[in-house]
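Open the model in a viewer and keep the selection tool at hand. The stops below go from single residues to the whole chain.

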Amino acid sequence: MNAARHTVSDERLLAYAAGALSPPEAVVVAAHLSFRPRTAAFARRLQAVGGHMLREIEPEPMGHDALARVLARTEVDAGATETPPPLNDMPQLPEPLRRLPLGPWRWMGPGVRVRDVQGPRDGDCRVILLEIQPGCTTPRHTHGGVELTCVLTGAYATETDRFDVGDLEEADHQTLHQPRVVSDEPCLCVAALDGQIQLDGWLGRLLQPFVRL
């Protein structure tokens with residue numbers, strides 16, 4: 001396996017460093033980077049370069065009421081403190097996921113269950129946890145939009161590739177696959193989904209109304 005192929009693409013990493021990635025995708029990329037310290041360090045360097053470029057931009061004149069607006073905001077915010085949300089009930093999750101609220105587990109088929117990661121959404125794009133038992137597969141499917149998947153525990157294989165802990169798969173409407181767990185332990189993944197998966201074949205079309213992630 002070539003681990004470089006299972007690292008976030010340059011385009012997404014640049015968008016992540018610039019703060020331009022959608023919140024659901026940013027959650028999954030952050031989880032992926034927690035397993036890739038060298039790539040995470042490169043992302044921090046990109047952020048530093050971006051900050052330096054901002055400092056080099058010619059300043060623009062401020063509005064005549066800018067100071068009054070800032071002072072008004074400080075009066076409203078005075079004394080306000082933010083406490084971090086509590087840790088969720090899954091200590092095995094990487095740090096970027098530990099304080100995100102989680103919905104209940106839902107059964108999605110034999111050996112497959114899913115759990116919503118509540119909060120980070122962008123239109124139809126949202127984050128889920130997907131757990132698949134050893135030897136089990138998901139239905140063969142493609143995607144209505146982008147799907148980013150990071151493996152947190154275990155491993156799965158598609159028809160052409162294998163993804164282990166920390167690996168990131170970037171899929172879209174042109175990707176047709178059927179992930180199968182190949183590890184001895186359950187495979188837990190975090191995924192950002194844009195739209196619903198599209199099941200393949202006549203049976204998939206028959207079951208499509210009943211499969212909602």
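Select Cys150 first: this residue is buried, its relative accessible area being 0%. The model on screen is a predicted one.

**Cysteines**

Stay on Cys150 and show the sulfur atoms. How far is the sulfur of Cys150 from the closest cysteine sulfur? The distance is 7.8 Å, to Cys189, which is too far for a bond. Next, select Cys187. The nearest cysteine sulfur to Cys187 is again that of Cys189, 3.6 Å away, and Cys187 is in no disulfide. Because a disulfide here requires two cysteine sulfur atoms within 2.5 Å, the 3.6 Å separation does not qualify. Cys187 is buried, also with a relative accessible area of 0%. Over the whole structure, the search for disulfides returns zero.

**The largest nonpolar core**

Now select Val28, Leu33, Leu93, Leu97, Leu129, Leu152 and Val190. These are the residues with the most contacts inside the largest nonpolar core, a set of 28 residues. Colour the elements that give two or more residues to this core: helices α1 (10-17), α2 (23-33) and α3, and strands β3 (125-132), β5 (147-153) and β10 (187-194). Which element gives the most? It is α2, with six residues.

Centre on Leu93 and display its surroundings. With neighbours within four places in sequence left aside, Leu93 is in contact with Asn88, Arg98, Leu102, Leu129, Leu152 and Leu188. Of these partners, Leu129 and Leu152 were in the selection made for the core.

**A second core**

Move to Val114, Ile132, Phe163 and Leu193. These four are among the 14 residues of another core, which lies apart from the one just visited.

**Phe42**

Select Phe42, located in helix α3, which spans residues 37-56. Is Phe42 buried or partly exposed? Its relative accessibility is 37%, so Phe42 counts as partly exposed. Add Ala17 to the selection and draw a C-alpha to C-alpha distance: the two residues are 9.3 Å apart in space and 25 residues apart in sequence.

**Whole chain**

Zoom out and switch to a cartoon view. The protein has 11 strands and five helices. Of its 213 residues, 41% are buried. Among contacts with a separation of 6 or more, 64% join residues 24 or more positions apart. Finish with a surface display: the accessible surface comes to about 12700 Å², and carbon and sulfur atoms account for 56% of that area.

Conventions
Residues are numbered from 1 along each chain as its sequence is written. This is a predicted model: local features need pLDDT of at least 70, side-chain atom pairs count only at pLDDT 80 or more; totals for chains, interfaces and linings use all residues. Side-chain values use heavy atoms; hydrogens and water are left out. Buried means under 20% relative accessible area, exposed over 50%, partly exposed in between (1.4 Å probe, protein chains only). Helices (H or I, at least four residues) and strands (E, at least two) are DSSP runs, numbered from the N terminus. A nonpolar core is a set of buried Ala, Val, Leu, Ile, Met, Phe, Trp, Tyr and Cys residues joined through side-chain atoms within 4.5 Å. Contact means heavy atoms within 4.5 Å. Accessible areas come from the Shrake-Rupley method with a 1.4 Å probe; for residues, only the protein chains shown count as cover.
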